[in-house]
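How do the helices of a protein pack together, and where is space left between its atoms? The explanation below takes up these topics in turn.

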Amino acid sequence: MTGWEWRPVDLPDTTLEVAVRGSGEPVVVIQTAQIADEFVPLASRPELHGHRVVLYHRRGYAGSSPVRGPGSIERDALDCRRLLDALGLDRVHLVGGSYSAAVALQLAADAPERVHSLTLIEPPPTITAGADAFREAARRFVEIHRTQGPAAALEEFATRIMDPDWRTQLERHLPGGSVQVQRDAETLFGTDMPALVDWRFGAVDARRIRGPVLHVGGAASGPLFAAVREQILAWFPGASDVVVTDADHMLAITHPAEVASGLATFLRAHPLEASSRP
């Protein structure tokens, strides 16, 4: 899709599909849940030229290996860490959104020496006071998947977060995206949502993160994600903050230029080379 060339990279217990474009400081973008190529529009933006942008598909998505065993945010974070090793990347700028923002938070806490900067595009509400309500909603989708199958769960989920005409809306911004969503729905509801329900991350974990942090959110994402923004800014008082006007939780697809602009400004302000100066 969009000219990115994907290749397999073998890790100790799985194979991930990876694409790399450009040169310069490495920016690793962790694939989120639901849509395998959700971050391709963002990663393709000219604002990020001058960086080595690394995209990859997590287990169970596109051409990466199928998922074996229960889902786990911690395992996804370990996969990312092992991928850095396989690519010879010591320290990186790390980007995650929604589900993969949880993975990015976990990796930055577990291996702060590997994450020079951390960009979070609307992490899941499991980190807020509304976590119980969010988990209950996620459990409902998991139950629909168990009793009615992935197609039924996808229809209700996509209708709620996007639009009843979600296929048309998605194709407008990401051609081929609706096919990806349907193909990988089993991973979304059978692996990722249960992993998110089980994941716990709080202030003590956040204190292990060392590098600069950027939060990016949509002004129309609603109260749950407004609370997420408040939590991130409370945990990281010096964090940079970008709010995209008229955007909701799908902002990486619908407003990639605005997200890329905020990310590029943040990356320029926190170059990797600065951390190596005496």
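Which residues line the second largest pocket? In this predicted model, the lining is formed by Met162, Asp163, Gln169, Leu170, His173, Asp248, Met250, Ile253 and Thr254. Helix H6 (166–173) and helix H11 each supply at least two of these residues, and the largest share, 3 residues, comes from H6. By class, the lining divides into 4 nonpolar, 3 polar and 2 charged residues. The space in this second largest pocket amounts to about 150 Å³.

The largest pocket has a volume of about 710 Å³. Its lining consists of 33 residues, and those nearest the centre are Phe134, Phe157, Ile161, Phe225 and His249. Several helices take part: H4, H5, H8, H10 (223–235) and H11 (251–254) each give at least two residues to the lining. Of the lining residues, 22 are nonpolar, 7 are polar and 4 are charged.

Three of the helices just named also pack against one another, and their arrangement deserves attention. Two packed helices are described by the angle between their axes and the distance between the axes. For helix H4 (residues 131–148) and helix H8 (residues 185–198), the axes come within 9 Å and cross at roughly 150°. An angle over 145 degrees counts as roughly antiparallel, and H4 and H8 are therefore roughly antiparallel to each other. Their crossing is left-handed. On the H4 side, the contact is made by Phe134, Arg135, Ala138, Arg139, Phe141, Val142 and His145, while H8 contributes Glu186, Phe189, Gly190, Met193, Pro194, Leu196 and Val197. These contact residues comprise 9 nonpolar, 2 polar and 3 charged.

Helix H8 also packs against helix H5 (residues 150–161), at an angle of about 85° and with the axes 8 Å apart. That angle makes H5 roughly perpendicular to H8. Here Pro150, Ala153, Leu154 and Phe157 of H5 meet Ala185, Glu186, Leu188, Phe189 and Met193 of H8. The contact has 8 nonpolar residues, no polar residues and 1 charged residue.

A further pair is formed by helices H2 and H3 (residues 99–110), whose axes come within 8 Å and cross at roughly 70°. H2 is therefore roughly perpendicular to H3. The crossing of this pair is right-handed. Ile73, Glu74, Asp76, Ala77, Cys80 and Arg81 of H2 are in contact with Tyr99, Ala102, Val103, Gln106, Leu107 and Asp110 of H3. By class, this contact contains 7 nonpolar, 1 polar and 4 charged residues.

The discussion now turns from packing to cavities. Rolling a probe the size of a water molecule over the atoms shows where empty space is left. The structure holds 2 cavities of 30 Å³ or more. The largest cavity has a volume of about 40 Å³ and is lined by Trp6, Gln31, Ala36, Asp37, Phe39, Val40, Leu55, Tyr56 and His57. Strand S4 (residues 51–57) gives the most to this lining, with 3 residues. The lining of the largest cavity divides into 6 nonpolar, 2 polar and 1 charged.

The second largest cavity contains about 30 Å³ of space. Arg58, Arg59, Val67, Ser72, Arg75, Asp76, Tyr99, Thr191 and Asp192 form its lining. Helix H2 (73–87) and H8 are the elements that give two or more residues to it. By class, this lining has 2 nonpolar, 2 polar and 5 charged residues.

Methods. Residues are numbered from 1 along each chain as its sequence is written. This is a predicted model: local features need pLDDT of at least 70, side-chain atom pairs count only at pLDDT 80 or more; totals for chains, interfaces and linings use all residues. Side-chain values use heavy atoms; hydrogens and water are left out. Axes are lines fitted to C-alpha atoms, for helices over the stretch in contact, and angles run from 0 to 180 degrees between N-to-C directions. Helices (H or I, at least four residues) and strands (E, at least two) are DSSP runs, numbered from the N terminus. Angles under 35 degrees count as roughly parallel, over 145 as roughly antiparallel, 65 to 115 as roughly perpendicular and the rest as oblique. A crossing is left-handed if the near helix is turned anticlockwise from the far one by less than a right angle, and right-handed if clockwise. Contact means heavy atoms within 4.5 Å. Ala, Val, Leu, Ile, Met, Phe, Trp, Tyr, Cys and Pro count as nonpolar, Asp, Glu, Lys and Arg as charged, and the others, Gly among them, as polar. On a 1 Å grid over the protein atoms alone, a cavity is a set of points where a 1.4 Å probe fits but cannot get out, and a pocket is an open set with protein on both sides within 12 Å along at least five of seven lines; lining residues have an atom within 4 Å of a point. Grid points are joined across faces, edges and corners, and a volume is the space filled by probe spheres set on the points.
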